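User: I would like to work through the cavities, pockets and ligand surroundings of this model, and then its unusual backbone geometry. Please reason through each point before giving the value or name.

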Amino acid sequence: MTVSFKGKTPSRRAFLKGAAAAGGTLAGAGAAQAAGDPEITELQPWMQQLGDGVDVAPYGKPSEYEAHVQRRTVEWLTADPVSSINFTPLHELDGIITPNGLCFERHHSGTAHIDPAKHRLMINGLVDTPLVFNMADLMRFPRENHVYFLECAANSGMEWRGAQLNGCQFTHGMIHNVMYTGVKLKYLLEEAGVKTNGKWIMPEGADAAAMTRSIPMEKALDDCLVVWKMNGEALRPEQGYPLRLVVPGWEGNMWVKWLRRIEVGDEPWHHREETSKYTDLLADGTARRFTWEMDAKSVITSPSPQAPILHGKGPTVLTGLAWSGRGTIPRVDVTIDGGKTWHEARMSGPSLDKSMHRFYFEFDWDGGELLLQSRAHDSTGYVQPTKDELREYRGTNSIYHNNGIQTWYVNKNGEAENVEVS
Ligand code: MTE
Ligand code: CO
């Protein structure tokens with residue numbers, strides 16, 4: 001590489017001096033002292049020996065220095081790891097796509113390991129011709145690619161009555177956003193021929209939990225997909241390999257993994273996951289049911305409890321994610337003073353329907369205490385509520401569908417903590 005500096009090729013020393021000066025003009029932002037920095041002046045081990053050959057990792061892995069970037073569970077949440085959750089490390093990610101190995105996992109009877117050659121998808125019930133597809137059959141239908149978020153309805157469920165878990169990984173990490181490749185469910189249903197009284201479908205998983213949910217036919221024929229790829233590669237076992245249902249914008253529980261059967265019926269089945277679970281008990285003792293759509297929501301991923309400000313005062317990048325099960329996110333507001341003043345954040349990256357959106361807000365940190373919040377607006381005009389506004393309407397018994405505004409308190413050392421300002 002040749003570096004041209006003020007019209008001539010500088011000596012190494014002159015270039016380093018120049019770099020240090022440039023750092024200074026960024027008001028402290030790239031202020032590493034170049035002069036005498038051994039990381040620059042001394043040969044590092046990796047410069048003195050040959051690196052790995054191309055075939056050392058036929059299926060590549062992240063750098064060993066990224067070993068701390070992990071899905072993590074909260075042990076006291078559930079009784080057993082086979083019916084449990086781990087969380088996406090949102091604070092470590094950027095952009096909008098979740099890497100496959102970091103997508104949170106939620107399963108009710110562990111991960112099934114299915115031989116794709118032995119996998120079948122049956123469509124039966126109120127259809128003209130019951131059908132059974134193998135994987136090769138499915139791949140002969142026209143394919144589509146879509147980026148969608150999947151959020152568990154229980155995401156942020158532990159935060160209903162007040163701030164509890166310390167980190168956006170745990171408060172908001174039951175979400176992932178990947179590009180799916182698969183076939184429209186509509187084509188498969190058309191192939192079987194839905195009878196006129198076929199108004200609902202019931203997808204069923206091939207795992208030991210045999211997960212089932214009732215989904216109205218309009219949604220099934222609208223944008224549901226039966227998929228086998230995520231981010232270009234085969235689904236990971238924990239995400240339902242070899243086949244999963246995608247139900248865009250709707251609660252994660254309906255996205256049946258290890259999909260083996262779809263029954264067509266004339267009414268909902270009222271199974272466990274739509275009666276005892278995934279319903280919301282209101283203050284008056286009645287329960288909301290069939291609350292499928294995920295409301296607009298956002299979270300600041302950095303600074304946050306697991307991503308403190310380490311660089312001291314001066315230029316600071318605030319970033320986060322926003323999403324809505326009803327469309328796109330044209331706007332996110334952020335505040336650094338607990339809601340006294342709001343600023344419109346800068347959206348960056350693709351704005352796709354029912355996909356995560358990335359926002360940034362650059363500010364000059366004066367070294368004082370901060371109360372950080374973000375507020376999403378979706379393309380229907382809906383604005384993310386405060387937790388108090390949510391509780392006013394929903395009471396305090398809920399677990400699912402908590403899309404209230406999250407607050408992080410940042411102290412003078414840059415350390416952040418989960419608090420509630422409503
Ligand atoms: N499908 C089957 N077959 N078994 C399951 O336990 N869990 C559901 C859903 N589909 C589940 C399932 C729940 S509650 C959620 S939130 C999502 O899958 C989680 O998807 P993920 O593991 O890809 O994050
Ligand atoms: Co779930």
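User: By class, how many nonpolar residues does the lining of the largest cavity have?

Analyst: In this predicted model, the largest cavity has a volume of about 230 Å³. Its lining is made up of 20 residues, and those closest to its centre are Arg106, Arg244, Gly252, Trp255 and Lys257. Divided by class, the lining of the largest cavity has six polar and five charged residues, while the number of nonpolar residues is nine.

User: How many cavities of 30 Å³ or more are there, and in which of them does ligand 1 sit?

Analyst: Counting cavities of 30 Å³ or more gives three. The site of ligand 1 is the one with a volume of about 230 Å³, which is to say that ligand 1 sits in the largest cavity.

User: Which side chain has an N or O atom 2.4 Å from an oxygen atom of ligand 1?

Analyst: Three side chains can be considered in turn, beginning with His176, which has a polar atom 2.9 Å from an oxygen atom of ligand 1. For His108, an N or O atom of the side chain is 2.7 Å from an oxygen atom of the ligand. The separation of 2.4 Å belongs to an N or O atom in the side chain of Lys257.

User: What percentage of the area that ligand 1 exposes when taken alone does the protein bury?

Analyst: The polar contacts of ligand 1 include one at 2.4 Å to the side chain of Lys257. Taken alone, ligand 1 exposes 530 Å², and the share of this area that the protein buries is 100%.

User: Which strand gives the largest share of the shell around ligand 1?

Analyst: The shell around ligand 1 consists of 21 residues, of which Phe104, His108, Asp207, Arg244 and Lys257 are the closest. By class, this shell holds eight nonpolar, seven polar and six charged residues. The largest share of the shell amounts to three residues, and these come from the strand spanning residues 105-107, β3.

User: What is the volume of the largest pocket, and how many charged residues does its lining have?

Analyst: For the largest pocket, the volume comes to about 470 Å³. It is lined by 23 residues, with Arg106, Ala154, Lys277, Ile399 and Tyr400 the closest to its centre. Sorted by class, this lining has 11 nonpolar and eight polar residues, and the charged residues number four.

User: How many residues line the second largest pocket, and what is its volume?

Analyst: The second largest pocket is lined by 16 residues, and Lys61, Pro62, Pro99, Gly101 and Leu102 lie nearest its centre. These lining residues divide into seven nonpolar, four polar and five charged. The volume of the second largest pocket is about 380 Å³.

User: Which residue does a cis peptide bond join to Tyr241, and which residue follows Ser302 across a cis peptide bond?

Analyst: The cis bond from Tyr241 has an omega of about 10 degrees and leads to Pro242, which is found in the loop between β11 (233-234) and β12 (244-246). The other partner lies in the loop between β16 (297-302) and β17 (314-323). With omega near -5 degrees, the peptide bond from Ser302 is cis and leads to Pro303.

User: What is the phi of Asn231?

Analyst: Asn231 lies in the loop between β10 (225-230) and β11. Its phi is positive in a residue other than glycine, with a value near 50 degrees.

Technical notes. Residues numbered from 1 in each chain as written. Chains lettered and ligands numbered in written order. Predicted model: local features only at pLDDT ≥ 70, side-chain atom pairs only at ≥ 80, totals over all residues. Heavy atoms only, no water. Near = heavy atom within 4 Å. Polar contact = N/O pair within 3.5 Å; in protein donor to acceptor, adjacent residues only side chain to side chain. Areas by Shrake-Rupley, 256 points an atom, 1.4 Å probe, with all protein chains shown as cover. 1 Å grid on protein atoms, 1.4 Å probe; cavity = no way out; pocket = protein on both sides within 12 Å on 5 of 7 lines; lining within 4 Å. Sits in = over half its atoms within 2 Å of the grid points. Helix = DSSP H or I, 4+ residues; strand = E, 2+ residues; numbered from the N terminus. Nonpolar A, V, L, I, M, F, W, Y, C, P; charged D, E, K, R; others polar. Points joined across faces, edges and corners; volume = space filled by probe spheres on them.
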